[in-house]
Amino acid sequence: MIPFWNSCWFNFWSVEYGPGYLDFYFRTVATIILIDMLAIFVVIVLLFQKGRSHYLSRSQRSTAIASDGVYNQAQVQTDEVVPSAPPVAKKVAVEDKTAQTEEVSTSEEAVQTSAPEPAPKPEPVVAAKETVVVEEKVISVTQAPPSQYTETDVLVKSEPIEEEDKKEEEEPQEEEEKQEDVITTEQEAKIMTKTMTLQRTKFRDDITFESGWRKRVKLSDLFSANLITEETIIELETETITVEEVQEQLREYLIGLHPIAGVYNDRSEEKMSLYSAYKAKIISRGTALSLLEAQAATGNIIDPITGDMMCVDDALAQGLLDRSFAAVLTRAERGVTGYVVKGTTETMSLFQAMQAGFIVEKHGIRLLEAQIATGGIIDPVANHRLPVDIAFDRGLFDQRINKILQDPGDDTKGFLDPNTGENLTYLELIERCVEDEDTKLLLLPLVKEQETQLYKEKRLSSKILAERLHSRTSSSSSTRTAD
């Protein structure tokens with residue numbers, strides 16, 4: 001007789017090969033399915049038990065904390081009833097819970113048998129710290145609660161103590177930080193106090209200055225370049241100091257020193273502009289053009305006779321230049337106004353134009369040298385001069401160009417002394433100039449031919465030439481007055 005299982009298997013699965021076909025594979029798949037179902041059931045049971053234990057542990061902790069609060073209130077009342085009984089610290093062994101229960105119940109009976117009198121409202125009492133020694137299974141409590149503590153309760157009560165210890169460690173660090181903040185805020189407090197005592201009548205965004213090349217300079221730009229202090233700004237806002245006074249204080253960066261303005265011809269005893277000296281064939285075109293480029297690159301074309309300063313276009317209109325000179329000087333003037341790239345609104349400085357290849361480096365170095373010699377590199381965006389170190393930070397200068405200017409060779413000395421034919425730096429040529437006392441401008445002297453050797457040997461000093469200039473200009477002015 002065929003077994004039931006085999007008959008079923010035969011009836012449902014054996015079609016061509018007889019009973020038992022694929023029987024092994026069917027049992028294997030059925031076994032795997034049963035094992036997976038059993039594993040899923042075990043996982044569900046474990047997760048349920050874990051969640052239940054977590055819920056119970058939290059309930060126990062809440063119960064322990066609540067019972068501790070009830071005990072603190074009961075202990076406060078006990079202290080009021082028996083004030084003479086000093087608090088006794090009790091050592092409770094976790095393993096011997098029976099002894100703890102008896103000891104606590106005795107203390108409760110003593111409280112109940114005493115007849116307390118009505119007492120005033122108790123003041124809040126701060127419970128003493130609790131120290132816990134878990135490793136030795138001993139709990140040292142200043143005031144023992146009327147309930148039995150377990151190890152779980154001990155750990156719950158120890159957490160606030162650890163937090164207090166952390167706070168105590170953080171307190172010294174916070175105090176040090178506060179001391180450092182006090183030092184940095186003392187100056188700010190002085191400034192704020194001064195501002196509060198004075199009435200502010202201006203806003204810093206509305207305060208502007210004028211550069212030596214007739215451009216508006218913002219107060220914020222001067223502050224960002226560390227050329228003006230916050231205290232001075234507050235004085236401007238409260239009008240305790242005028243804009244004109246600050247303008248004079250910042251003259252070095254707003255205007256700078258004047259470049260070589262013209263020529264003093266000692267042979268004819270007269271002052272001449274550089275273009276006029278070229279036209280009179282006293283100096284070469286290259287010498288006149290290089291000195292005029294230095295003027296344009298520092299902001300102005302100068303008339304040494306009147307002391308007037310103007311842009312290249314105005315100088316052309318007044319006849320101080322011709323068109324060929326003006327075309328060259330307009331390019332040099334962009335060292336002050338900036339080089340604008342076609343198709344963009346970006347303004348590049350003189351040094352940035354050199355890096356981009358818009359200016360030949362040798363020519364650009366000569367213009368930068370004139371700016372540095374007269375007070376500092378000009379920022380065409382902020383419209384004021386900058387010290388060399390700040391120009392480094394803003395990308396208007398670099399160490400390589402600075403090294404060339406600090407240690408120039410003959411090929412980088414781009415200014416000619418017409419008296420000796422020497423190639424000099426712009427600063428060296430300035431040192432050989434004389435100052436006109438009337439206009440306070442620098443004039444390049446052209447000495448007499450018989451004094452050329454004395455001039456080379458530096459026995460004909462600038463001081464002597466300045467005295468000659470002063471005596472001759474003063475005599476000529478007195479003659480004009482008599483007429």
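The questions below concern a predicted model and cover one sheet, one helix and one surface patch.

Q: What is the strand order of the open sheet of four strands?
A: β6 and β17 pair in the parallel sense over five bridges. β6 also pairs with β7, in the antiparallel sense, over three bridges, and two bridges join β16 to β17, which run antiparallel. The pairing is mixed, and the order is β7-β6-β17-β16.

Q: Which strands stand at the edges of this sheet, each with a single partner strand?
A: The order of the open sheet is β7-β6-β17-β16. One side of each edge strand is left without a neighbour in the sheet, because each has a single partner strand; these are β7 (270-272) and β16.

Q: Which residues stand opposite L443 in β17?
A: Strand β17 pairs with β6 in the parallel sense and is joined to β16 in an antiparallel run. On the β6 pairing, the residue opposite L443 is G262. On the β16 pairing, the residue opposite L443 is V434.

Q: Is strand β17 (residues 442-446) largely enclosed or exposed?
A: A residue counts as buried under 20% relative accessible area. Both faces of β17 are covered, with L442, L444 and L446 buried on one side and L443 and P445 buried on the other. Five of the five residues are buried, so β17 is largely enclosed by the rest of the structure.

Q: Which residue in the turn between β16 and β17 has a positive phi?
A: β16 (residues 434-435) and β17 run antiparallel. They form a hairpin with six residues between them. The turn residue with a positive phi, about 60°, is K440.

Q: How many of the eight residues of helix α6 (residues 230-237) are buried?
A: The buried residues of α6 are T232, I233, I234, E235, L236 and E237. Helix α6 is therefore largely enclosed by the rest of the structure, and the count of buried residues is six.

Q: What phi does E239 take?
A: E239 comes just after α6, a helix that spans residues 230-237. The phi of E239 is positive, at about 60°.

Q: Is V42 buried or partly exposed?
A: V42 is found in helix α2 (residues 23-81). Partly exposed lies between the limits of 20% and 50% relative accessible area. Because its relative accessibility is 41%, V42 counts as partly exposed.

Q: What accessible area do L38, F41, V42, V45 and L46 have together?
A: V42 belongs to helix α2. Together with L38, F41, V45 and L46, V42 forms a nonpolar patch on the surface. The accessible area of the five together is about 460 Å².

Notes: Residues numbered from 1 in each chain as written. Predicted model: local features only at pLDDT ≥ 70, side-chain atom pairs only at ≥ 80, totals over all residues. Heavy atoms only, no water. Patch = residues over 30% accessible without salt bridge, like charges linked within 9 Å, V, L, I, M, F, W, Y side chains within 5 Å. Areas by Shrake-Rupley, 256 points an atom, 1.4 Å probe, with all protein chains shown as cover. Salt bridge = Lys/Arg side-chain N within 4 Å of Asp/Glu carboxyl O. Buried < 20%, exposed > 50% of the residue type's maximum accessible area, 1.4 Å probe, protein only. Pairing = 2+ DSSP bridges.
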